[in-house]
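Subject: Structure handover

Hello,

Here is the structure for your files. My notes follow below it.

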Amino acid sequence: MLNWFQLGLLAVSTPLTMVWLFLAMTKGKKYKSYTESVFAKEFQMRELFCVGFSAMALLHINTKSRKAQGKIKQISEIKGKKYAEYYYYILQGAKITYVYTILVVVLLLAVLADSQEALLLGLVLGGLTVAYINLSLQDKLTARRQELLMDLPQVLSKLTLLVNSGMVLRDAWKKASVTGSRILYVEMQNTSLEIENGVMEVEAYKNFAERCNIKEIRKFTSLIIQNLQKGNEELAYFLKEMSDEMWEVKKNEVKQKGEKANSKLLFPVLLIFIGILVMVLVPVMTQMG
């Protein structure tokens, strides 16, 4: 005999389950181009994302809100401006699919087990899933920005040498861009390609700053644009000055990383020490007893 708790959950879970089954079985073809995209392949259970996409359509969730635009701006740094909105759509579909699927499964399990704890655990699990996806994206963004910051001093040094040798900035930029294969060099190559395809030089550098959205690069591109507008007479001097400044930033960054690594090692060392202490003290205490 079902109690009131189970009946209440059953009343909620039955329509939710029916809707989930309907969306999963009938909307797969409609959203096939999304679920088979390269971006969707980054996620598990992508075949079921039609559930999330359909729910987004029913709830009128779009990419035009302020919060969505802020997230799209972050994604554009990782995936590029062209695909940022598309990736955001996939991301939202993934989140809603995971949460909806977990909710349905947990509600049914809670009914069968007559357990409030199972229901609470499921809700927590859904929240953790969304948090994990958000943190994964943030980790990628942080890693990208960190790599850009670490490579900037070397790029500035190369540009300073090339400009000092008499090379114009556009040529120096192109020559420096092919000396590496990491993110900063790739973005510089993209900027050179834009200039070759007819984009105004100033506009191309602004696009570069937008793609590499860290304050040091914004400052660097602002300096370049100002000198292009005034003339290149002092460009080499400013590049040298900023290069020296960025090397100091890099040294401090490396030092901070070392300190963080040491602090992370402290806890395992403490555990090992406690383990050794227990191993020594237990035999002694046993003999004394």
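Buried means under 20% relative accessible area. C212 has a relative accessibility of 0%, so C212 counts as buried. C50 has a relative accessible area of 1%, so C50 is buried too. Please keep in mind that this is a predicted model.

Cysteines
A search of the whole structure turned up 0 disulfides.

Helices
Two helices were checked for length. Helix α4 covers residues 66-79, which is 14 residues. At 1.5 Å a residue, α4 should span 20 Å. Its end C-alpha atoms are 20 Å apart, so the model agrees with the expected span. Helix α5 takes in residues 81-113, 33 residues in total. The expected span of α5 is 48 Å, and its end C-alpha atoms are 48 Å apart, which agrees.

Each helix is followed by a residue with positive phi. Just after α4 comes G80, with a phi of about 95°. After α5 comes D114, where phi is positive and near 50°.

What does α4 pack against? Its buried residues are A68, I72, I75, S76 and E77. The buried residues of α4 pack against α5, α6 (116-164) and α9 (201-211).

Aromatics
The count comes to 16 aromatic pairs. One of them joins Y31 and F53. The ring centres of Y31 and F53 are 5.4 Å apart, the planes make an angle of 40°, and the pair is tilted. This pair links distant parts of the chain, 22 residues apart. Y31 sits in the loop between α1 (4-26) and α2 (32-35), while F53 belongs to helix α3 (residues 49-58). Both Y31 and F53 are buried.

F53 also pairs with Y34. Here the centres are 5.5 Å apart and the planes stand at 50°, so this pair is tilted. Y34 lies in helix α2 and F53 in helix α3, with their positions 19 residues apart in the chain.

Is Y34 buried or partly exposed? Y34 has a relative accessible area of 26%, so Y34 is partly exposed. F53 is at 0% relative accessibility and therefore counts as buried.

Y31, Y34 and F53 are members of one aromatic cluster. Also in that cluster are F39, F43, F49, Y83, Y86, Y87, Y89 and Y98.

Best regards

Note on methods: Residues numbered from 1 in each chain as written. Predicted model: local features only at pLDDT ≥ 70, side-chain atom pairs only at ≥ 80, totals over all residues. Heavy atoms only, no water. Disulfide = S-S within 2.5 Å. Buried < 20%, exposed > 50% of the residue type's maximum accessible area, 1.4 Å probe, protein only. Helix = DSSP H or I, 4+ residues; strand = E, 2+ residues; numbered from the N terminus. Expected span 1.5 Å × (residues − 1). Contact = heavy atoms within 4.5 Å. Phe/Tyr/Trp six-rings, centres within 6.5 Å; stacked < 30°, edge-to-face > 60°.
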